[in-house]
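The following exercises concern a single protein chain. Please study the sequence and the structure before reading each solution.

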Amino acid sequence: EMGKWVLAGMRRWILTHPNQCENMHMLNSDHPSGRHSAVDWSKPDLEKFPNYAKVKGNEVILLPGDFLFVPTYWIHYIVSLNLNIQCNSRSGKWSGYDKDIRQCGFRA
């Protein structure tokens, strides 16, 4: 689990539940970028990755002073909207999404 504080600037975060991994076309754990999506979220190729059109997610723009909690295993994509400073904090791992991540073929 992670906490994100934006100290300056703006960041766009898109997050999706781990149960969306099939739609995210995740790279397998043997890949150098394992557990990341093969999809370019900024320009998804829906012919190559048709399930991506089914993804359900959340989007937020973080401004200075905003805090975002990112649960364990949540899939996310971050865009810096301008020059920004972010502070990160890790608070451990919650096992509530282990089943979802295992169904994607990953170790929890």
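**Exercise 1. Locate Y73, state whether this residue is buried or exposed, and examine its backbone.**

Step 1. Y73 is found in the loop that runs between β4 (67–70) and β5 (75–80); helices (H or I, at least four residues) and strands (E, at least two) are DSSP runs, numbered from the N terminus.

Step 2. The relative accessible area of Y73 is 13%, so the residue is buried. Buried means under 20% relative accessible area, exposed over 50%, and partly exposed in between (1.4 Å probe, protein chains only).

Step 3. Y73 has a phi near 70°, a positive value in a residue other than glycine. Most residues other than glycine have a negative phi. H25, in the loop between α1 and β3 (58–62), likewise has a positive phi, near 55°.

The model is predicted: local features require pLDDT of at least 70, side-chain atom pairs count only at pLDDT 80 or more, and totals for chains, interfaces and linings use all residues. Residues are numbered from 1 along each chain as its sequence is written, and side-chain values use heavy atoms, with hydrogens and water left out.

**Exercise 2. Describe the surroundings of I101.**

Step 1. I101 belongs to helix α2 and is buried, at 6% relative accessibility.

Step 2. Not counting residues up to four places away in sequence, I101 touches Y73, F106, R107 and A108; contact means heavy atoms within 4.5 Å.

Step 3. I101 and N23 are 78 residues apart along the chain, and their C-alpha atoms are separated by 13 Å.

**Exercise 3. How many disulfides are there, and which parts of the chain are tied together?**

Step 1. A disulfide is taken as a pair of cysteine sulfur atoms within 2.5 Å. By this rule there is one disulfide.

Step 2. The pair is C21 and C104, with sulfur atoms 1.3 Å apart. C21 is in helix α1 (residues 21–24) and C104 in the segment after α2 (98–103), so the link joins parts that are 83 residues apart in sequence.

Step 3. The link of C21 and C104 is left-handed, with -90° about the S-S bond.

Step 4. C21 is buried, with a relative accessible area of 10%. C87 is partly exposed, at 35%.

**Exercise 4. Identify the salt bridges and place their residues.**

Step 1. A salt bridge is a side-chain nitrogen of Lys or Arg within 4 Å of a carboxyl oxygen of Asp or Glu. Side chains of opposite charge can pair when their charged atoms come close. The structure holds two salt bridges.

Step 2. One salt bridge joins E59 and R12, whose closest N and O atoms are 2.5 Å apart. E59 lies in strand β3 and R12 in strand β2, so this pair ties together parts that are 47 residues apart in sequence. R12 is partly exposed, with a relative accessible area of 26%.

Step 3. D98 forms a salt bridge with K93, the closest N and O atoms being 4.0 Å apart. D98 is buried, at 10% relative accessible area, whereas K93 is exposed, at 52%.

**Exercise 5. Which residues of the largest nonpolar core touch the most other members, and which elements supply this core?**

Step 1. A nonpolar core is a set of buried Ala, Val, Leu, Ile, Met, Phe, Trp, Tyr and Cys residues joined through side-chain atoms within 4.5 Å. Of the 21 residues in the largest such core, W41 and V70 touch the most other members.

Step 2. At least two residues of this core come from each of β1 (2–8), β2 (11–16), α1 and β4. β2 gives the most, with three residues.

Step 3. Leaving aside neighbours within four places in sequence, V70 is in contact with E1, M2, K4, W13, L15 and H76.

**Exercise 6. State where K4 lies, whether K4 is buried or exposed, and which residues are in contact with K4.**

Step 1. K4 is placed in strand β1 and counts as buried, at 7% relative accessibility.

Step 2. Leaving aside neighbours within four places in sequence, K4 is in contact with W13, D66, F67, L68, V70, Q86, C87 and N88.

Step 3. K4 and H17 are 13 residues apart in sequence, and 17 Å apart in space, C-alpha to C-alpha.
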